[in-house]
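Please open the model in your viewer and keep the selection tool at hand, since this tour moves from one selection to the next. At each stop you will be told what to pick and what can be found there.

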Amino acid sequence: MIDYNITQEWTAGKMVELSTELEKPSPFYFGYDIQQNLLNELSKHEFDKIFFFTEQNMFELYGEELFHELNAKYHCLLEIVPPGEKCKYFPVLEEVCETLIAEGVSKKSLLIAFGGGTVGNIVGLVAGLIYRGIRFIEISTTMTGITDSTLSNKQAVNGSTGKNHFGLYHSPLFIWGDTKYLKTEPPFSKRCGIIEGIKNGFIAEPTFLDYLEKTLNPELNFSQQELTDLAYKIILSKLEILKQDPSEKHLGIILEYGHTFGHGLEWLLKGKLSHGEAVSYGMKIAAELGKELGFMSQKDVDLHYYFIEEKLGFNNPWPENVTTNLLMEAMIADNKKTGEELRFVMLEKIGQCYNPEGDYLMTVDTKLVEKVLDNYIQKATGKVALTTA
């Protein structure tokens, strides 16, 4: 059991090594201002050239300095990809793969994903596909990337009907989590990572919620020490779950709490809604569904709103024009569909997920889901929700 009240001291250059705890684990190097250690770690491996992937904005903020450091020692090629979800589509995947072949990528090459989760996704998928798998590393620059997306080995692009429909599992050579890059990350983007930590508390780590209750503030005013320690503890909260199910096929499914609703919203908004904000809505709706099913008390539902809206500051208006009917259609096409019925991760109580069917997913009647969505949207907007197109 982790004592989340113990505070680590994070001085510049201090680095700890963790493991992703998966079936194919990767070393995870974490700390504040640890970039100077990266070349030392790379020197332990042999490769013919490095392909450095990033977005233009992140290259200008932090990537250019690191790229020139790498290029001074190794043969390093710069590759700029489209920002955000725009890079997670087949045309970009094909273009990147063909470009690397033309530039002489080999089985001895190394790809670096420098940026947020979408850069990591496209680079991880490319690395898994080229020559049936080459090496890559993830250098995360966002709270979401450092604390959540890099820990999964999941690489994917979107299809024409939903998120992450096409992908594979491919583990990085190692992961680099330097919270120096979080200094300039906007508060909204930080919230997108912290929401997954709140989720981890709801599904398995209620003592972590006690820590978050004392630590979070809606303005996200943190010192660098506080921000680094928060990121570290969010990582630990997820690793505690992965230790119990490295395959993410049984207990690990609980990490998808709120994500079926969330992914549906993301898909409908076509990139206008971040993953973290979509999950924040998804968790509140899931809590309302749990109450309708008789599992969740009103106190537990209220706790969702308290942490998400008051402590984290995620309280934007419901997305315009998203109706019950549209969201239902999007969820039916969600990538985690396991049959004809809608199935959800549900809480039995705070800190424990319901497991009536042996796989931590519960089949819920569509009419009941529609009723909960109708009520939620009406409460959020003050308008009667539409269940017909």
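Begin by selecting β1 and β2, which pair in the antiparallel sense over five bridges; two strands are said to pair if DSSP finds at least two bridges between them, and the helices (H or I, at least four residues) and strands (E, at least two) of this tour are DSSP runs, numbered from the N terminus. Within this pairing, Ser 19 has Pro 27 in β2 as its bridge partner. Before going further, note that this is a predicted model, in which local features need pLDDT of at least 70 and side-chain atom pairs count only at pLDDT 80 or more, while totals for chains, interfaces and linings use all residues. Residues are numbered from 1 along each chain as its sequence is written, and side-chain values use heavy atoms, with hydrogens and water left out.

Stay with β2, and ask how many of its five residues are buried. Four of the five are, so β2 is largely enclosed by the rest of the structure; here buried means under 20% relative accessible area, exposed means over 50%, and partly exposed lies in between, with a 1.4 Å probe and protein chains only. Now add strand β9 (residues 175-178), with which strand β2 (residues 27-31) pairs in the parallel sense over four bridges. Two places to look are Tyr 29, which stands opposite Trp 176 in β9, and Gly 31, which stands opposite Asp 178 in β9.

Next, widen the selection to the whole sheet, an open one in which seven strands follow the order β1-β2-β9-β6-β5-β3-β4 with mixed pairing. Its edge strands are β1 (15-19) and β4, each of which pairs on one side only. Neighbouring strands of this sheet are turned by 20° against each other on average, direction ignored; such angles run from 0 to 180 degrees between N-to-C directions, and the axes are lines fitted to C-alpha atoms, for helices over the stretch in contact.

Move to strand β3 (residues 50-54) and strand β4 (residues 76-80), which pair in the parallel sense over five bridges. Between β3 and β4 the chain passes through helix α2 (residues 56-73), and this β-α-β crossover is right-handed, a term used if, with the strands pointing away from the viewer, the path from the first strand over the helix to the second runs clockwise.

Pick Ile 80 in strand β4, which Thr 54 stands opposite. Is Ile 80 buried or partly exposed? Because its relative accessibility is 40%, Ile 80 counts as partly exposed. Leaving aside residues up to four places away in sequence, Ile 80 touches Thr 54, Glu 55, Gln 56 and Phe 59, where contact means heavy atoms within 4.5 Å.

Two helices can then be added: helix α3 (residues 90-102) lies across β3, β4 and β5 (110-115) and runs at about 155° to β3, whereas helix α4 (residues 117-129) lies across β3, β5 and β6 (135-140) and runs at about 165° to β5.

Turn now to the aromatic side chains, of which the structure holds 23 pairs; rings of Phe, Tyr and Trp (its six-membered ring) pair if their centres lie within 6.5 Å, and planes under 30 degrees apart count as stacked, over 60 as edge-to-face and the rest as tilted. Phe 28 and Phe 30 form a tilted pair, 6.4 Å centre to centre with 40° between the planes, and both Phe 28 and Phe 30 are buried. Trp 318 and Tyr 376 form an edge-to-face pair, 5.5 Å centre to centre with 70° between the planes. This pair links distant parts of the chain, 58 residues apart, with Trp 318 in the loop between α11 (298-311) and α12 (324-332) and Tyr 376 in helix α13 (residues 366-381). Select also Phe 52, Phe 59, Tyr 62, Phe 67, Phe 114 and Tyr 181, which form one aromatic cluster.

Finish at helix α9 (residues 259-269), which is largely enclosed by the rest of the structure because ten of its eleven residues are buried. The elements covering these buried residues include α6 (187-203), α10 (275-293), α12, β10 (342-344) and α13. Just after α9, Lys 270 takes a positive phi of about 50°, and the charged end of Lys 270 sits over the ring of Trp 267, 3.5 Å from its centre; this wording applies if NZ of Lys or CZ of Arg is within 6 Å of the ring centre and within 35 degrees of the ring normal.
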